[in-house]
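Please examine the sequence and the structure displayed below before reading on. The explanation then proceeds from the whole chain to individual side chains.

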Amino acid sequence: MNHHLAQHKIDIDTRLVTAGAVLTVAGTAVAATGMVIAAVALLAAGRRMVRAMDVPPSQQAVQQWRRAKEASLAGLQAWQSATDAQNGSPR
């Protein structure tokens, strides 16, 4: 019985497993380095773009928010005026 178990034993070449692990670690390090370099390049480009803007993004956001509020208020007033006109009540 022990003789049959010994025949099915797996023979693994540990040199190949070690080489595969080393190559995997090296590839991961190269890929991580590449991602860091790309991220730094994108961030630098973004900073240059923001510096070149006439109006900073935060100020643009404030202006757009103000326009949206004004448009919303104008729409509300127009809707109320139309509703009042349909009901026959003067405003």
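The following paragraphs treat the overall fold, the second helix, and the residues at and before its start.

The model shown is predicted. Its protein chain averages a pLDDT of 90, and 89% of the residues score at least 70. Confidence is not uniform along the chain: α1 has the lowest mean, 58, whereas α2 has the highest, 97. Where pLDDT is low, predicted coordinates should not be read in detail. The account below therefore dwells on α2, for which the mean is 97.

In secondary structure, the protein chain contains three helices and zero strands. Read from the N terminus, the order of elements is α-α-α. Of the 91 residues in the protein chain, buried ones make up 1%. The chain exposes about 8,300 Å², and 65% of this area is supplied by carbon and sulfur atoms.

Helix α2 comprises 39 residues, from 14 to 52. Is the end-to-end distance of this helix in agreement or in disagreement with the span expected at 1.5 Å a residue? The expected span is 57 Å, and the C-alpha atoms at the two ends lie 57 Å apart, so the two values agree. As for its surroundings, the number of buried residues among the 39 is zero, and α2 therefore lies largely in the open.

The start of α2 involves two residues that interact in more than one way. A side-chain oxygen of Asp-13 comes to within 3.2 Å of the backbone nitrogen of Arg-15. In addition, the side chains of Asp-13 and Arg-15 form a salt bridge, with an N to O distance of 3.5 Å. That distance qualifies because the cut-off for a salt bridge is 4 Å. The structure holds one salt bridge. Its two partners differ in exposure class: Arg-15 has a relative accessible area of 65% and is therefore exposed, while Asp-13, at 33%, counts as partly exposed. The relevant limits are under 20% for buried and over 50% for exposed, which is why the value for Asp-13 falls in between.

A nonpolar feature also appears in this part of the chain. Ile-10, Ile-12 and Val-17 form a nonpolar patch on the surface, and together they have about 330 Å² of accessible area. Among them, Ile-10 is located in the loop between α1 (2–7) and α2. Its relative accessibility is 68%, so Ile-10 counts as exposed.

Conventions
Residues numbered from 1 in each chain as written. Predicted model: local features only at pLDDT ≥ 70, side-chain atom pairs only at ≥ 80, totals over all residues. Heavy atoms only, no water. Buried < 20%, exposed > 50% of the residue type's maximum accessible area, 1.4 Å probe, protein only. Helix = DSSP H or I, 4+ residues; strand = E, 2+ residues; numbered from the N terminus. Expected span 1.5 Å × (residues − 1). Polar contact = N/O pair within 3.5 Å; in protein donor to acceptor, adjacent residues only side chain to side chain. Patch = residues over 30% accessible without salt bridge, like charges linked within 9 Å, V, L, I, M, F, W, Y side chains within 5 Å. Areas by Shrake-Rupley, 256 points an atom, 1.4 Å probe, with all protein chains shown as cover. pLDDT = per-residue confidence, 0-100.
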